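Visitor: I should like a close look at one part of this model, followed by an account of how other parts of it are packed and paired. Please state each criterion once, where it is needed.

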Amino acid sequence: MSENTWKFSELKFARPDLKVYQDIFEDAIDRVERAESGEDVLQMILELDAITRKADDLVRYVFIRGTMDTKDPFYKEQQQWFDENMIRYDQAVLRFGDAVYNSPHRDYIEEKLGPVYFIGADIQRKTFSDDCIELYQRESELATEYQEIMGSAEAEMMGEKKDLSKLKVLFGHDDRSVRREAFFLYSKLIAQNEKRLEEIWEELIKVRNQIGEKLGYDNFIPIGYLQNQHIDYSPEDIAIFREQVVEEIVPLCEKLFEAQKKRLGIDELMIYDEKAVFPGGNARSAGDEEYMIEKAREMYHNISQETGEFIDYMLDHELFEYKDRPGKASLGYGTMLLSKKAPFVFTHFDGTIADFQVIAGDLGEAFARYIGARSQPIKEYFSATSDIMEFYALTMCQFAYDYAEDFFGDEADKYRFYNMQEIITLIPFACAVDEFQHICYGNPNITPQERMAEWHKLEQKYMPWRKYDGDDFMERGGYWYNTPHIFLYPFYYIDYALARVHVLEMKKKYALHPEVTWREYMDLIKQGGRLRYKEMVEKANLTPLFREGAVKEAISYAKEVMEESL
(Lines give C-alpha, C1' and ligand atoms only; values in the text may rest on other atoms or scores of the structure.)
Protein backbone atom coordinates (compact mmCIF):
# COMPACT_ATOMS: atom_id res chain seq x y z
CA MET A 1 0.00 0.00 0.00
CA SER A 2 1.54 3.26 -1.14
CA GLU A 3 2.16 5.93 1.48
CA ASN A 4 0.25 8.37 -0.71
CA THR A 5 -2.74 6.17 -1.62
CA TRP A 6 -3.58 4.31 1.60
CA LYS A 7 -7.10 4.52 3.01
CA PHE A 8 -8.26 3.92 6.55
CA SER A 9 -10.68 1.19 5.47
CA GLU A 10 -7.77 -0.75 3.95
CA LEU A 11 -5.57 -0.73 7.05
CA LYS A 12 -4.93 -4.18 8.53
CA PHE A 13 -4.91 -5.05 12.20
CA ALA A 14 -2.52 -7.48 13.85
CA ARG A 15 -2.35 -7.81 17.60
CA PRO A 16 1.08 -6.58 18.75
CA ASP A 17 3.63 -8.90 20.32
CA LEU A 18 4.22 -7.06 23.57
CA LYS A 19 7.28 -9.20 24.37
CA VAL A 20 9.00 -7.76 21.28
CA TYR A 21 8.24 -4.23 22.42
CA GLN A 22 9.38 -4.98 25.97
CA ASP A 23 12.71 -6.23 24.59
CA ILE A 24 13.03 -3.09 22.44
CA PHE A 25 12.47 -0.93 25.50
CA GLU A 26 14.96 -2.88 27.61
CA ASP A 27 17.60 -2.41 24.91
CA ALA A 28 16.76 1.29 24.65
CA ILE A 29 17.03 1.74 28.42
CA ASP A 30 20.41 0.02 28.42
CA ARG A 31 21.65 2.25 25.60
CA VAL A 32 20.50 5.40 27.40
CA GLU A 33 22.19 4.35 30.61
CA ARG A 34 25.46 3.62 28.75
CA ALA A 35 25.29 6.69 26.51
CA GLU A 36 28.48 8.72 26.37
CA SER A 37 26.86 11.88 25.07
CA GLY A 38 23.59 13.73 25.01
CA GLU A 39 23.43 13.23 21.26
CA ASP A 40 23.44 9.44 21.81
CA VAL A 41 20.45 9.77 24.15
CA LEU A 42 18.63 12.04 21.72
CA GLN A 43 19.08 9.57 18.87
CA MET A 44 17.69 6.78 21.06
CA ILE A 45 14.65 8.92 21.91
CA LEU A 46 14.02 9.57 18.22
CA GLU A 47 14.50 5.92 17.24
CA LEU A 48 12.15 4.67 19.93
CA ASP A 49 9.64 7.36 19.08
CA ALA A 50 9.43 6.06 15.50
CA ILE A 51 9.08 2.44 16.65
CA THR A 52 6.43 3.02 19.31
CA ARG A 53 4.19 5.12 17.08
CA LYS A 54 3.08 1.86 15.45
CA ALA A 55 2.15 0.23 18.76
CA ASP A 56 0.24 3.34 19.82
CA ASP A 57 -1.58 3.31 16.48
CA LEU A 58 -2.86 -0.25 17.05
CA VAL A 59 -4.49 0.82 20.31
CA ARG A 60 -6.10 3.82 18.60
CA TYR A 61 -7.14 1.76 15.58
CA VAL A 62 -9.00 -0.73 17.76
CA PHE A 63 -10.69 2.09 19.65
CA ILE A 64 -11.79 3.72 16.38
CA ARG A 65 -13.10 0.45 14.96
CA GLY A 66 -14.87 -0.30 18.23
CA THR A 67 -16.64 3.03 18.20
CA MET A 68 -17.60 2.65 14.54
CA ASP A 69 -19.58 -0.43 15.57
CA THR A 70 -19.98 -1.06 19.30
CA LYS A 71 -21.60 -4.42 18.46
CA ASP A 72 -18.62 -5.80 16.51
CA PRO A 73 -17.43 -8.84 18.51
CA PHE A 74 -13.93 -8.86 16.99
CA TYR A 75 -12.97 -5.34 18.05
CA LYS A 76 -14.76 -5.77 21.35
CA GLU A 77 -12.45 -8.72 22.00
CA GLN A 78 -9.39 -6.74 20.90
CA GLN A 79 -10.35 -3.82 23.14
CA GLN A 80 -10.67 -6.19 26.07
CA TRP A 81 -7.22 -7.62 25.30
CA PHE A 82 -5.71 -4.13 25.22
CA ASP A 83 -7.51 -3.21 28.46
CA GLU A 84 -5.91 -6.22 30.13
CA ASN A 85 -2.44 -6.19 28.58
CA MET A 86 -1.29 -2.75 27.45
CA ILE A 87 -0.46 -1.86 31.03
CA ARG A 88 2.75 -3.88 30.53
CA TYR A 89 3.61 -1.69 27.57
CA ASP A 90 2.88 1.40 29.65
CA GLN A 91 5.27 0.11 32.30
CA ALA A 92 8.04 -0.15 29.71
CA VAL A 93 7.32 3.40 28.48
CA LEU A 94 7.61 4.66 32.04
CA ARG A 95 10.89 2.84 32.68
CA PHE A 96 12.39 4.34 29.53
CA GLY A 97 11.15 7.78 30.62
CA ASP A 98 12.82 7.26 34.00
CA ALA A 99 16.10 6.37 32.32
CA VAL A 100 16.08 9.59 30.27
CA TYR A 101 14.81 11.60 33.24
CA ASN A 102 17.73 10.42 35.37
CA SER A 103 20.35 10.59 32.62
CA PRO A 104 23.46 12.73 33.27
CA HIS A 105 22.80 14.12 29.77
CA ARG A 106 19.38 15.45 30.69
CA ASP A 107 20.39 19.10 30.19
CA TYR A 108 21.31 18.38 26.58
CA ILE A 109 17.93 16.72 25.92
CA GLU A 110 16.11 19.65 27.48
CA GLU A 111 18.10 22.05 25.32
CA LYS A 112 17.17 20.13 22.15
CA LEU A 113 13.58 19.13 22.92
CA GLY A 114 12.56 21.84 25.36
CA PRO A 115 11.48 21.62 29.02
CA VAL A 116 8.00 20.33 28.18
CA TYR A 117 9.50 16.94 27.29
CA PHE A 118 10.47 16.40 30.90
CA ILE A 119 7.20 17.85 32.16
CA GLY A 120 5.48 15.03 30.27
CA ALA A 121 7.89 12.48 31.72
CA ASP A 122 7.28 13.83 35.20
CA ILE A 123 3.52 13.53 34.72
CA GLN A 124 3.97 9.88 33.71
CA ARG A 125 5.97 9.24 36.87
CA LYS A 126 3.27 10.86 39.00
CA THR A 127 0.30 9.11 37.41
CA PHE A 128 1.54 5.54 36.86
CA SER A 129 2.58 2.82 39.27
CA ASP A 130 2.98 -0.93 38.98
CA ASP A 131 0.89 -1.19 42.15
CA CYS A 132 -2.10 0.18 40.22
CA ILE A 133 -2.10 -2.19 37.25
CA GLU A 134 -5.26 -4.07 38.22
CA LEU A 135 -6.98 -0.76 38.96
CA TYR A 136 -6.04 0.67 35.53
CA GLN A 137 -7.40 -2.48 33.91
CA ARG A 138 -10.67 -2.28 35.79
CA GLU A 139 -11.02 1.41 34.97
CA SER A 140 -10.71 0.62 31.25
CA GLU A 141 -13.25 -2.20 31.50
CA LEU A 142 -15.81 0.03 33.20
CA ALA A 143 -15.31 2.83 30.68
CA THR A 144 -15.77 0.36 27.81
CA GLU A 145 -18.98 -0.98 29.35
CA TYR A 146 -20.37 2.55 29.67
CA GLN A 147 -19.71 3.14 25.97
CA GLU A 148 -21.44 -0.11 25.04
CA ILE A 149 -24.54 0.69 27.09
CA MET A 150 -24.90 4.20 25.69
CA GLY A 151 -24.03 3.14 22.14
CA SER A 152 -26.57 0.30 22.00
CA ALA A 153 -29.55 2.10 23.55
CA GLU A 154 -32.28 2.77 20.99
CA ALA A 155 -36.02 3.38 20.73
CA GLU A 156 -38.70 3.45 18.06
CA MET A 157 -39.71 6.92 16.84
CA MET A 158 -41.06 8.26 13.58
CA GLY A 159 -41.13 4.75 12.14
CA GLU A 160 -37.49 3.86 12.74
CA LYS A 161 -35.02 2.85 15.42
CA LYS A 162 -33.20 5.82 16.85
CA ASP A 163 -30.18 5.71 19.15
CA LEU A 164 -29.35 8.40 21.68
CA SER A 165 -27.46 10.59 19.21
CA LYS A 166 -30.34 10.51 16.69
CA LEU A 167 -32.86 11.36 19.40
CA LYS A 168 -30.73 14.26 20.60
CA VAL A 169 -30.64 15.66 17.07
CA LEU A 170 -34.42 16.03 17.25
CA PHE A 171 -34.09 18.45 20.20
CA GLY A 172 -33.55 21.10 17.52
CA HIS A 173 -36.55 20.08 15.39
CA ASP A 174 -38.88 22.91 14.38
CA ASP A 175 -41.93 20.95 15.61
CA ARG A 176 -42.12 21.23 19.39
CA SER A 177 -44.14 18.03 19.76
CA VAL A 178 -41.33 16.12 18.00
CA ARG A 179 -38.74 17.72 20.27
CA ARG A 180 -40.75 16.78 23.34
CA GLU A 181 -41.29 13.17 22.27
CA ALA A 182 -37.59 12.77 21.44
CA PHE A 183 -36.56 14.15 24.83
CA PHE A 184 -38.82 11.85 26.82
CA LEU A 185 -37.64 8.81 24.86
CA TYR A 186 -34.04 9.93 25.34
CA SER A 187 -34.56 10.23 29.08
CA LYS A 188 -36.32 6.86 29.21
CA LEU A 189 -33.43 5.08 27.47
CA ILE A 190 -30.94 6.42 29.98
CA ALA A 191 -33.25 5.90 32.97
CA GLN A 192 -33.82 2.25 32.14
CA ASN A 193 -30.06 1.74 32.52
CA GLU A 194 -29.86 3.92 35.63
CA LYS A 195 -29.05 1.08 38.01
CA ARG A 196 -26.08 -0.21 36.02
CA LEU A 197 -24.83 3.28 35.15
CA GLU A 198 -25.04 4.15 38.84
CA GLU A 199 -22.96 1.05 39.69
CA ILE A 200 -20.38 1.83 36.99
CA TRP A 201 -19.95 5.38 38.25
CA GLU A 202 -19.77 4.26 41.87
CA GLU A 203 -17.02 1.79 41.03
CA LEU A 204 -15.15 4.26 38.81
CA ILE A 205 -15.02 6.73 41.70
CA LYS A 206 -13.73 3.99 43.99
CA VAL A 207 -11.16 2.66 41.50
CA ARG A 208 -9.85 6.10 40.54
CA ASN A 209 -9.64 7.28 44.12
CA GLN A 210 -7.70 4.12 44.97
CA ILE A 211 -5.28 4.96 42.16
CA GLY A 212 -4.88 8.44 43.62
CA GLU A 213 -4.26 7.09 47.11
CA LYS A 214 -1.70 4.53 45.90
CA LEU A 215 0.13 7.35 44.13
CA GLY A 216 0.30 9.37 47.32
CA TYR A 217 -2.70 11.70 47.01
CA ASP A 218 -5.89 12.08 49.03
CA ASN A 219 -8.06 11.13 46.07
CA PHE A 220 -8.15 11.08 42.27
CA ILE A 221 -8.52 14.83 41.71
CA PRO A 222 -4.76 15.63 41.44
CA ILE A 223 -4.35 12.66 39.07
CA GLY A 224 -7.19 13.92 36.91
CA TYR A 225 -5.48 17.30 36.62
CA LEU A 226 -2.15 15.68 35.76
CA GLN A 227 -3.64 13.28 33.21
CA ASN A 228 -5.13 16.26 31.37
CA GLN A 229 -1.85 18.14 31.84
CA HIS A 230 -3.64 20.86 33.79
CA ILE A 231 -0.40 21.89 35.45
CA ASP A 232 -0.69 25.64 34.91
CA TYR A 233 -3.62 25.98 37.26
CA SER A 234 -5.09 24.45 40.40
CA PRO A 235 -8.59 23.51 41.59
CA GLU A 236 -8.58 26.83 43.43
CA ASP A 237 -7.87 28.69 40.17
CA ILE A 238 -10.70 26.83 38.45
CA ALA A 239 -13.05 27.63 41.33
CA ILE A 240 -12.30 31.35 40.81
CA PHE A 241 -13.00 30.94 37.11
CA ARG A 242 -16.27 29.07 37.73
CA GLU A 243 -17.55 31.78 40.06
CA GLN A 244 -16.86 34.40 37.40
CA VAL A 245 -18.92 32.32 34.99
CA VAL A 246 -21.80 32.40 37.47
CA GLU A 247 -21.48 36.17 37.80
CA GLU A 248 -20.91 37.12 34.16
CA ILE A 249 -21.99 34.38 31.77
CA VAL A 250 -25.01 32.82 33.51
CA PRO A 251 -26.93 36.15 33.39
CA LEU A 252 -26.03 36.53 29.70
CA CYS A 253 -27.34 33.01 29.03
CA GLU A 254 -30.57 33.83 30.87
CA LYS A 255 -30.98 36.88 28.65
CA LEU A 256 -30.33 34.83 25.51
CA PHE A 257 -32.81 32.13 26.48
CA GLU A 258 -35.44 34.66 27.53
CA ALA A 259 -35.18 36.25 24.07
CA GLN A 260 -35.37 32.78 22.51
CA LYS A 261 -38.53 31.98 24.47
CA LYS A 262 -40.19 35.12 23.10
CA ARG A 263 -39.05 34.32 19.55
CA LEU A 264 -40.54 30.84 19.81
CA GLY A 265 -43.75 32.20 21.32
CA ILE A 266 -43.86 29.76 24.24
CA ASP A 267 -44.67 30.28 27.92
CA GLU A 268 -41.78 28.23 29.29
CA LEU A 269 -38.50 27.17 27.70
CA MET A 270 -37.94 23.45 28.27
CA ILE A 271 -34.75 21.45 27.91
CA TYR A 272 -35.94 20.25 24.51
CA ASP A 273 -36.40 23.86 23.35
CA GLU A 274 -32.86 25.05 24.06
CA LYS A 275 -31.51 23.96 20.67
CA ALA A 276 -34.51 25.36 18.78
CA VAL A 277 -33.13 28.87 18.54
CA PHE A 278 -35.41 30.21 15.78
CA PRO A 279 -39.13 29.78 15.06
CA GLY A 280 -39.60 27.75 11.92
CA GLY A 281 -36.30 25.99 12.49
CA ASN A 282 -32.60 26.70 12.76
CA ALA A 283 -30.40 27.39 9.75
CA ARG A 284 -30.61 24.52 7.28
CA SER A 285 -27.78 23.21 5.19
CA ALA A 286 -28.01 24.15 1.54
CA GLY A 287 -27.35 20.55 0.53
CA ASP A 288 -26.86 16.94 1.62
CA GLU A 289 -23.80 15.29 3.20
CA GLU A 290 -21.81 15.17 0.00
CA TYR A 291 -22.63 18.82 -0.72
CA MET A 292 -21.31 19.73 2.74
CA ILE A 293 -18.12 17.76 2.14
CA GLU A 294 -17.62 19.41 -1.25
CA LYS A 295 -18.07 22.85 0.30
CA ALA A 296 -15.74 21.92 3.16
CA ARG A 297 -13.03 21.08 0.64
CA GLU A 298 -13.60 24.40 -1.12
CA MET A 299 -13.55 26.36 2.14
CA TYR A 300 -10.30 24.87 3.39
CA HIS A 301 -8.69 25.46 0.00
CA ASN A 302 -9.78 29.10 0.13
CA ILE A 303 -8.52 29.72 3.67
CA SER A 304 -4.87 28.88 2.93
CA GLN A 305 -2.57 26.54 1.06
CA GLU A 306 -1.91 24.57 4.27
CA THR A 307 -5.60 24.05 5.02
CA GLY A 308 -6.20 23.01 1.41
CA GLU A 309 -3.52 20.32 1.61
CA PHE A 310 -4.97 19.23 4.95
CA ILE A 311 -8.57 18.72 3.79
CA ASP A 312 -7.41 16.75 0.75
CA TYR A 313 -5.33 14.54 3.02
CA MET A 314 -8.23 13.91 5.43
CA LEU A 315 -10.76 13.07 2.74
CA ASP A 316 -8.47 11.11 0.41
CA HIS A 317 -7.31 8.86 3.28
CA GLU A 318 -10.80 8.40 4.86
CA LEU A 319 -9.85 10.11 8.09
CA PHE A 320 -13.15 11.94 8.58
CA GLU A 321 -15.74 9.47 9.92
CA TYR A 322 -19.03 11.34 9.66
CA LYS A 323 -21.52 8.86 8.20
CA ASP A 324 -24.20 7.24 10.30
CA ARG A 325 -24.11 3.46 10.80
CA PRO A 326 -25.84 0.88 13.06
CA GLY A 327 -24.18 0.51 16.44
CA LYS A 328 -21.98 3.57 16.02
CA ALA A 329 -20.96 5.01 19.39
CA SER A 330 -22.87 8.17 20.31
CA LEU A 331 -19.82 10.33 20.92
CA GLY A 332 -17.42 12.48 18.98
CA TYR A 333 -13.64 12.67 19.31
CA GLY A 334 -10.40 13.40 17.56
CA THR A 335 -7.31 11.23 17.67
CA MET A 336 -4.26 10.52 15.52
CA LEU A 337 -2.49 7.66 13.77
CA LEU A 338 0.98 8.69 14.83
CA SER A 339 3.07 6.64 12.43
CA LYS A 340 1.30 8.30 9.49
CA LYS A 341 0.98 11.74 11.13
CA ALA A 342 -2.70 11.33 10.30
CA PRO A 343 -5.41 13.03 12.38
CA PHE A 344 -8.70 11.15 12.65
CA VAL A 345 -12.08 12.77 13.36
CA PHE A 346 -15.04 10.69 14.57
CA THR A 347 -18.44 12.36 14.55
CA HIS A 348 -22.05 12.10 13.41
CA PHE A 349 -23.44 14.07 10.48
CA ASP A 350 -27.11 14.47 11.29
CA GLY A 351 -28.35 16.95 8.71
CA THR A 352 -28.47 19.81 11.19
CA ILE A 353 -26.52 22.96 11.89
CA ALA A 354 -24.09 20.83 13.90
CA ASP A 355 -22.57 19.39 10.72
CA PHE A 356 -20.91 22.69 9.85
CA GLN A 357 -19.73 23.08 13.44
CA VAL A 358 -17.97 19.74 13.01
CA ILE A 359 -16.51 20.78 9.66
CA ALA A 360 -15.12 23.96 11.20
CA GLY A 361 -14.37 22.96 14.80
CA ASP A 362 -13.51 19.26 14.80
CA LEU A 363 -11.59 19.50 11.56
CA GLY A 364 -10.01 22.70 12.87
CA GLU A 365 -8.59 20.78 15.80
CA ALA A 366 -7.42 18.06 13.42
CA PHE A 367 -5.70 20.72 11.33
CA ALA A 368 -3.73 21.82 14.40
CA ARG A 369 -2.60 18.21 14.88
CA TYR A 370 -1.75 17.92 11.19
CA ILE A 371 0.48 21.00 11.33
CA GLY A 372 1.96 20.06 14.70
CA ALA A 373 2.95 16.61 13.43
CA ARG A 374 4.72 18.18 10.46
CA SER A 375 6.48 20.82 12.54
CA GLN A 376 7.66 18.84 15.57
CA PRO A 377 10.14 15.95 15.86
CA ILE A 378 8.48 13.62 18.39
CA LYS A 379 4.95 12.33 18.89
CA GLU A 380 4.64 13.96 22.32
CA TYR A 381 4.72 17.32 20.53
CA PHE A 382 2.32 16.52 17.67
CA SER A 383 -0.62 17.81 19.68
CA ALA A 384 -0.98 20.44 22.39
CA THR A 385 -2.76 19.93 25.70
CA SER A 386 -6.53 19.52 25.56
CA ASP A 387 -7.29 23.01 26.87
CA ILE A 388 -5.23 24.48 24.01
CA MET A 389 -6.62 22.10 21.35
CA GLU A 390 -10.20 23.07 22.22
CA PHE A 391 -9.23 26.70 21.74
CA TYR A 392 -7.69 25.93 18.35
CA ALA A 393 -10.88 24.12 17.25
CA LEU A 394 -13.17 26.99 18.21
CA THR A 395 -10.88 29.58 16.66
CA MET A 396 -11.20 27.80 13.33
CA CYS A 397 -14.98 28.14 13.75
CA GLN A 398 -14.47 31.90 13.79
CA PHE A 399 -12.41 31.79 10.60
CA ALA A 400 -15.14 29.67 9.00
CA TYR A 401 -17.81 32.33 9.66
CA ASP A 402 -16.66 34.02 6.43
CA TYR A 403 -17.85 30.97 4.46
CA ALA A 404 -21.21 30.37 6.15
CA GLU A 405 -23.12 31.51 3.05
CA ASP A 406 -21.64 28.60 1.09
CA PHE A 407 -23.16 26.15 3.56
CA PHE A 408 -26.40 27.89 4.56
CA GLY A 409 -27.21 30.35 1.81
CA ASP A 410 -29.41 33.21 3.02
CA GLU A 411 -29.63 31.59 6.47
CA ALA A 412 -25.93 32.14 7.16
CA ASP A 413 -26.60 34.81 9.79
CA LYS A 414 -28.92 32.41 11.62
CA TYR A 415 -26.02 29.96 11.76
CA ARG A 416 -23.59 32.57 13.07
CA PHE A 417 -25.95 33.61 15.84
CA TYR A 418 -26.73 29.99 16.75
CA ASN A 419 -23.07 29.09 16.91
CA MET A 420 -22.18 32.04 19.12
CA GLN A 421 -25.10 31.34 21.44
CA GLU A 422 -24.05 27.70 21.74
CA ILE A 423 -20.45 28.68 22.48
CA ILE A 424 -21.68 30.91 25.30
CA THR A 425 -24.39 28.68 26.76
CA LEU A 426 -22.20 25.59 26.99
CA ILE A 427 -19.77 27.37 29.32
CA PRO A 428 -22.00 27.13 32.45
CA PHE A 429 -22.79 23.47 31.70
CA ALA A 430 -19.07 22.69 31.40
CA CYS A 431 -18.47 24.37 34.77
CA ALA A 432 -21.29 22.33 36.33
CA VAL A 433 -19.71 19.12 35.02
CA ASP A 434 -16.34 20.15 36.43
CA GLU A 435 -17.67 21.05 39.87
CA PHE A 436 -19.73 17.84 39.92
CA GLN A 437 -16.60 15.75 39.40
CA HIS A 438 -14.82 17.59 42.21
CA ILE A 439 -17.78 16.79 44.46
CA CYS A 440 -17.91 13.10 43.49
CA TYR A 441 -14.21 12.34 43.91
CA GLY A 442 -13.88 14.57 46.96
CA ASN A 443 -16.90 12.94 48.67
CA PRO A 444 -16.79 9.29 47.56
CA ASN A 445 -19.12 8.04 50.28
CA ILE A 446 -22.21 10.00 49.31
CA THR A 447 -25.05 7.86 47.97
CA PRO A 448 -26.22 7.79 44.35
CA GLN A 449 -29.32 9.71 45.41
CA GLU A 450 -27.16 12.36 47.06
CA ARG A 451 -25.04 12.64 43.90
CA MET A 452 -28.18 13.17 41.85
CA ALA A 453 -29.24 15.88 44.30
CA GLU A 454 -25.82 17.54 43.99
CA TRP A 455 -26.18 17.64 40.21
CA HIS A 456 -29.65 19.14 40.58
CA LYS A 457 -28.23 21.90 42.80
CA LEU A 458 -25.48 22.59 40.27
CA GLU A 459 -28.10 22.95 37.53
CA GLN A 460 -29.87 25.55 39.65
CA LYS A 461 -26.56 27.38 40.11
CA TYR A 462 -25.23 27.27 36.56
CA MET A 463 -28.40 26.70 34.48
CA PRO A 464 -31.28 28.27 36.40
CA TRP A 465 -33.33 28.45 33.20
CA ARG A 466 -33.36 24.67 32.72
CA LYS A 467 -36.73 22.90 33.00
CA TYR A 468 -37.48 19.22 32.31
CA ASP A 469 -41.24 19.34 31.77
CA GLY A 470 -41.97 17.00 34.69
CA ASP A 471 -39.64 14.16 33.58
CA ASP A 472 -38.94 12.33 36.85
CA PHE A 473 -35.47 11.00 36.01
CA MET A 474 -34.18 14.35 34.83
CA GLU A 475 -35.89 16.28 37.63
CA ARG A 476 -34.09 14.05 40.15
CA GLY A 477 -30.77 15.04 38.58
CA GLY A 478 -30.15 12.39 35.93
CA TYR A 479 -29.00 14.54 33.03
CA TRP A 480 -25.29 14.12 33.77
CA TYR A 481 -25.41 10.40 32.95
CA ASN A 482 -25.47 11.26 29.23
CA THR A 483 -22.14 13.13 29.37
CA PRO A 484 -19.50 10.59 28.23
CA HIS A 485 -16.57 12.71 29.42
CA ILE A 486 -17.60 12.25 33.05
CA PHE A 487 -17.14 8.50 32.71
CA LEU A 488 -14.38 8.34 30.09
CA TYR A 489 -12.25 11.49 30.37
CA PRO A 490 -12.39 12.82 33.94
CA PHE A 491 -11.66 16.55 34.43
CA TYR A 492 -11.50 17.21 30.69
CA TYR A 493 -14.74 19.18 30.47
CA ILE A 494 -13.40 22.41 31.98
CA ASP A 495 -11.27 22.72 28.85
CA TYR A 496 -14.42 23.47 26.88
CA ALA A 497 -15.25 26.38 29.20
CA LEU A 498 -11.76 27.90 29.20
CA ALA A 499 -11.47 27.61 25.42
CA ARG A 500 -14.86 29.19 24.83
CA VAL A 501 -14.10 32.24 26.94
CA HIS A 502 -10.80 32.69 25.10
CA VAL A 503 -12.44 32.33 21.69
CA LEU A 504 -15.02 34.96 22.59
CA GLU A 505 -12.05 37.29 23.01
CA MET A 506 -10.54 36.05 19.74
CA LYS A 507 -13.74 37.12 17.99
CA LYS A 508 -12.73 40.75 18.55
CA LYS A 509 -9.13 40.18 17.41
CA TYR A 510 -10.31 38.54 14.19
CA ALA A 511 -12.93 41.23 13.53
CA LEU A 512 -10.31 43.97 13.79
CA HIS A 513 -7.25 42.28 12.25
CA PRO A 514 -8.21 39.11 10.31
CA GLU A 515 -4.94 38.57 8.40
CA VAL A 516 -2.75 39.19 11.43
CA THR A 517 -4.92 36.89 13.54
CA TRP A 518 -4.59 34.08 10.98
CA ARG A 519 -0.78 34.40 10.91
CA GLU A 520 -0.66 34.37 14.71
CA TYR A 521 -2.88 31.28 14.72
CA MET A 522 -0.54 29.45 12.35
CA ASP A 523 2.44 30.39 14.51
CA LEU A 524 0.65 28.96 17.54
CA ILE A 525 -0.32 25.60 16.06
CA LYS A 526 3.18 25.04 14.64
CA GLN A 527 4.39 24.93 18.24
CA GLY A 528 2.44 21.70 18.77
CA GLY A 529 2.92 20.38 22.27
CA ARG A 530 5.81 22.68 23.12
CA LEU A 531 3.41 25.27 24.53
CA ARG A 532 1.76 25.05 27.93
CA TYR A 533 -1.62 26.65 28.57
CA LYS A 534 -0.31 29.87 30.16
CA GLU A 535 2.32 30.21 27.43
CA MET A 536 -0.38 29.93 24.78
CA VAL A 537 -2.50 32.58 26.52
CA GLU A 538 0.50 34.91 26.68
CA LYS A 539 1.66 34.23 23.11
CA ALA A 540 -1.89 34.80 21.78
CA ASN A 541 -2.17 38.01 23.84
CA LEU A 542 -5.33 36.76 25.59
CA THR A 543 -6.66 37.62 29.04
CA PRO A 544 -5.50 35.26 31.86
CA LEU A 545 -8.74 33.94 33.36
CA PHE A 546 -7.83 33.12 36.96
CA ARG A 547 -8.24 36.57 38.46
CA GLU A 548 -11.30 38.58 39.40
CA GLY A 549 -12.81 40.47 36.50
CA ALA A 550 -10.98 38.51 33.81
CA VAL A 551 -14.03 36.78 32.34
CA LYS A 552 -15.97 40.03 32.16
CA GLU A 553 -13.07 41.62 30.29
CA ALA A 554 -12.60 38.69 27.90
CA ILE A 555 -16.25 38.40 26.83
CA SER A 556 -17.09 42.12 26.65
CA TYR A 557 -16.96 42.45 22.84
CA ALA A 558 -18.83 39.20 22.10
CA LYS A 559 -21.42 40.02 24.74
CA GLU A 560 -22.08 43.39 23.12
CA VAL A 561 -22.41 41.78 19.67
CA MET A 562 -24.88 39.17 20.93
CA GLU A 563 -26.99 41.64 22.89
CA GLU A 564 -27.27 43.88 19.84
CA SER A 565 -28.56 40.90 17.87
CA LEU A 566 -31.42 40.09 20.27
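Visitor: Is Gln-147 buried or exposed, and what is its relative accessible area?

Guide: Gln-147 is buried, with a relative accessible area of 17%; buried means under 20% relative accessible area, exposed means over 50%, and partly exposed lies in between, computed with a 1.4 Å probe on protein chains only. The model is a predicted one, in which local features need pLDDT of at least 70 and side-chain atom pairs count only at pLDDT 80 or more, whereas totals for chains, interfaces and linings use all residues. Residues are numbered from 1 along each chain as its sequence is written, and side-chain values use heavy atoms, with hydrogens and water left out.

Gln-147 belongs to helix 6 (residues 133–152); helices (H or I, at least four residues) and strands (E, at least two) are DSSP runs numbered from the N terminus. Apart from neighbours within four places in sequence, Gln-147 is in contact with Phe-63, Thr-67 and Leu-488, contact being heavy atoms within 4.5 Å.

A second buried polar residue is Arg-179, with a relative accessible area of 4%, located in helix 8 (residues 176–191). The side chain of Arg-179 makes a polar contact of 2.7 Å with that of Asp-273. Such a contact is a pair of N or O atoms within 3.5 Å; within protein, one must be able to donate a hydrogen and the other to accept it, and residues adjacent in sequence count only if both atoms are side-chain atoms. Beyond four places in sequence, the contacts of Arg-179 include Leu-170, Phe-171, His-173, Tyr-272 and Ala-276.

Lys-12 offers a contrast, being exposed with a relative accessible area of 75%. Lys-12 lies in the segment before helix 1, and its C-alpha atom is 36 Å from that of Phe-407, 395 residues away along the chain.

Helix 1 (residues 18–34) has 17 residues and spans 24 Å between its first and last C-alpha atoms, close to the expected 24 Å; the expected span is 1.5 Å times one less than the number of residues. A side-chain oxygen of Asp-17 lies 3.0 Å from the backbone nitrogen of Lys-19 and caps the N-terminal end of helix 1. The buried residues of helix 1 are Leu-18, Tyr-21, Phe-25, Ala-28, Ile-29 and Val-32. Viewed along the axis of helix 1, these fall within an arc of 105 degrees, so they line one face; the arc is taken from the directions between the helix axis and the C-beta atoms. Helix 2 (38–68) and helix 3 (73–101) are among the elements that cover them.

Phe-96 touches several of these residues, including Phe-25, Ala-28, Ile-29 and Val-32, and further touches Met-44, Ile-45, Leu-48 and Tyr-117, not counting residues up to four places away in sequence. In the largest nonpolar core, of 212 residues, Phe-96, Phe-241, Tyr-392 and Met-536 touch the most other members. Helix 17 (residues 412–442) gives the most to this core, namely 17 residues. A nonpolar core is a set of buried Ala, Val, Leu, Ile, Met, Phe, Trp, Tyr and Cys residues joined through side-chain atoms within 4.5 Å.

There is also an open sheet of 3 strands, in the order 3-5-4 with mixed pairing. Strand 3 (320–321) and strand 4 (333–337) each have a single partner strand, so one side of each is left without a neighbour in the sheet; two strands pair if DSSP finds at least two bridges between them. Strand 3 and strand 5 run parallel and are joined by 2 bridges, and Glu-321 stands opposite Phe-346 in strand 5. Strand 4 pairs with strand 5 (residues 342–346) in the antiparallel sense over 5 bridges. Gly-334 has Val-345 as its bridge partner, and Met-336 has Pro-343. These two strands form a hairpin with 4 residues between them, and Lys-341 in the turn has a positive phi of about 50 degrees.

In strand 4, 4 of the 5 residues are buried. In strand 5, 5 of the 5 are buried, so this strand is largely enclosed by the rest of the structure. Ala-342, Phe-344 and Phe-346 lie on one side of strand 5, with Pro-343 and Val-345 on the other, and both faces are covered.
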